[in-house]
Amino acid sequence: SEETIRQSEKLSAVGQLAAGIAHEIRNPLTALKGFTQLLHAKSSGADRHYFEIMRGEMNRVEGIVDELLVLAKPQTTNFQPHYVQLILQEVITLLSPQALLKNVLIHVDFEVNAPKIFCEESQLKQVFVNVIKNGIEAMPMGGNMFIQLKSDNGKLFIEFTDEGKGVPQDLLPKLGKPFYTTKDRGTGLGLMVSYNIIRNHRGTIAFSSEVGKGTTVSITLPL
Ligand code: ADP
Ligand code: MG
């Protein structure tokens with residue numbers, strides 16, 4: 001619809017601006033990190049502790065900048081045929097220490113014969129990291145996360161279901177809006193970036209949620 005087009009134009013304008021700013025932040029940040037590292041090495045006692053805090057905070061800024069920079073990449077970069085189930089498995093392996101630490105069990109149900117799709121591997125990885133991390137973060141006391149992948153009718157369907165705190169119905173439209181976060185240390189960029197990436201793949205991403213029960217993130221990608 002016209003409203004959808006307007007929304008996505010707005011999003012890509014914001015994205016481009018954000019990516020431009022991210023580039024400008026990166027160089028001074030590299031210098032700051034380098035000199036902090038130098039002073040850290042020469043410090044002792046309380047100073048050492050302060051430098052460690054500074055380093056942690058700078059890493060956080062760097063993480064935000066990295067998320068934003070994805071938006072600066074050209075729309076059709078390096079699309080290659082890949083098995084999405086393998087990409088997903090890699091991401092799950094990457095995140096399993098974090099899941100273990102938070103008492104989250106990840107259960108997978110992948111259609112083994114799902115065909116390859118044309119995609120940008122590093123971008124899909126980023127989407128899966130974002131979505132799985134959100135699921136883990138929604139379950140501070142631990143729980144189960146179910147990840148399902150199947151193909152049907154020329155499409156690949158991927159579903160991530162958690163048993164977390166859920167999202168109130170009236171807040172669902174806010175997901176993916178730049179800087180919308182309910183977390184103390186959140187960036188509110190993960191889903192915006194994910195929406196952009198899935199859109200570049202001509203796919204869709206949708207949320208269904210029940211407060212206190214959990215959330216399902218459904219992604220479809222054309223084969
Ligand atoms: P961030 O994780 O930095 O907050 P995101 O864009 O990844 O930014 O997510 C935005 C917001 O959407 C989160 O702060 C949270 O409120 C909500 N959200 C996303 N995924 C989930 C989920 N699986 N369960 C509950 N809330 C979620
Ligand atoms: Mg997130």
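## Conventions

Two strands count as paired here when DSSP finds at least two bridges between them, and helices (H or I, at least four residues) and strands (E, at least two) are DSSP runs numbered from the N terminus. Welcome to a predicted model, in which local features need pLDDT of at least 70 and side-chain atom pairs count only at pLDDT 80 or more, while totals for chains, interfaces and linings use all residues. Residues are numbered from 1 along each chain as its sequence is written, with chains lettered from A and ligands numbered from 1 in the order in which they are written.

## The sheet

A good place to start is the open sheet of five strands, whose order is β2-β4-β5-β7-β6 and whose pairing is mixed. Its edges are β2 (104-110) and β6 (204-210); each has a single partner strand, so one side of each is left without a neighbour in the sheet. On average, and with direction ignored, neighbouring strands are turned by 15 degrees against each other (angles run from 0 to 180 degrees between the N-to-C directions of axes fitted to C-alpha atoms, for helices over the stretch in contact).

Let us walk across from the β2 edge. β2 and β4 (residues 143-152) run parallel and are joined by seven bridges. One pair to look for here is V104, whose bridge partner in β4 is G143. From β4 the path leads to β5, and these two strands run antiparallel with eight bridges between them. Across that pairing, M145 faces D162 in β5. β4 and β5 also form a hairpin with two residues between them, and N153 in its turn has a positive phi of about 55 degrees.

β5 in turn pairs with β7 in the antiparallel sense, over eight bridges. Here K155 stands opposite P222 of β7. At the far end, seven bridges join β7 to β6, and this pair runs antiparallel. Two bridge pairs help to place its register: S209 is partnered by T215 of β7, and S208 by T216 of β7. The hairpin of β6 and β7 has three residues between its strands, and G212 takes a positive phi near 85 degrees there.

## A helix across the sheet

Helix α3 lies across four strands, namely β2, β4, β5 (155-162) and β7 (214-222), and runs at about 170 degrees to β2 (contact requires C-beta atoms, placed from the backbone, within 7 Å).

## Helix packing

α3 also packs against another helix. The axes of α3 (residues 84-101) and α4 (residues 121-137) lie 9 Å apart at an angle of about 40 degrees. The two are therefore oblique to each other (under 35 degrees is roughly parallel, over 145 roughly antiparallel, 65 to 115 roughly perpendicular and the rest oblique). On the α3 side the contact is made by V84, I87, L88, V91, L95, Q98 and A99, and on the α4 side by E121, L124, K125, F128, V129, I132, K133 and I136. These residues divide into eleven nonpolar, one polar and three charged (Ala, Val, Leu, Ile, Met, Phe, Trp, Tyr, Cys and Pro are nonpolar, Asp, Glu, Lys and Arg charged, and the others, Gly among them, polar).

α4 has a second helix partner in α5: their axes come within 9 Å and cross at roughly 140 degrees. That angle makes α4 oblique to α5. In this contact Q123, Q126, V127, N130, V131 and N134 of α4 meet G190, L191, V193, S194, I197 and I198 of α5. By class, the contact of α4 with α5 has six nonpolar residues, six polar and no charged.

## Around ligand 1

Finally, a look at the ligand. Ligand 1 is surrounded by 21 residues, of which A138, T181, G186, G190 and L191 are the closest (a residue is near a molecule if its C-beta atom, placed from the backbone, lies within 6 Å of it). This shell contains six nonpolar, twelve polar and three charged residues.

The helices return here too: α4 and α5 (190-200) each supply at least two residues of the shell. Which helix gives the most to the shell around ligand 1? That is α4, with three residues. G190 and L191 thus appear twice in this report, among the closest residues to ligand 1 and in the contact of α5 with α4.

Technical notes:
Contact = placed C-beta atoms within 7 Å.
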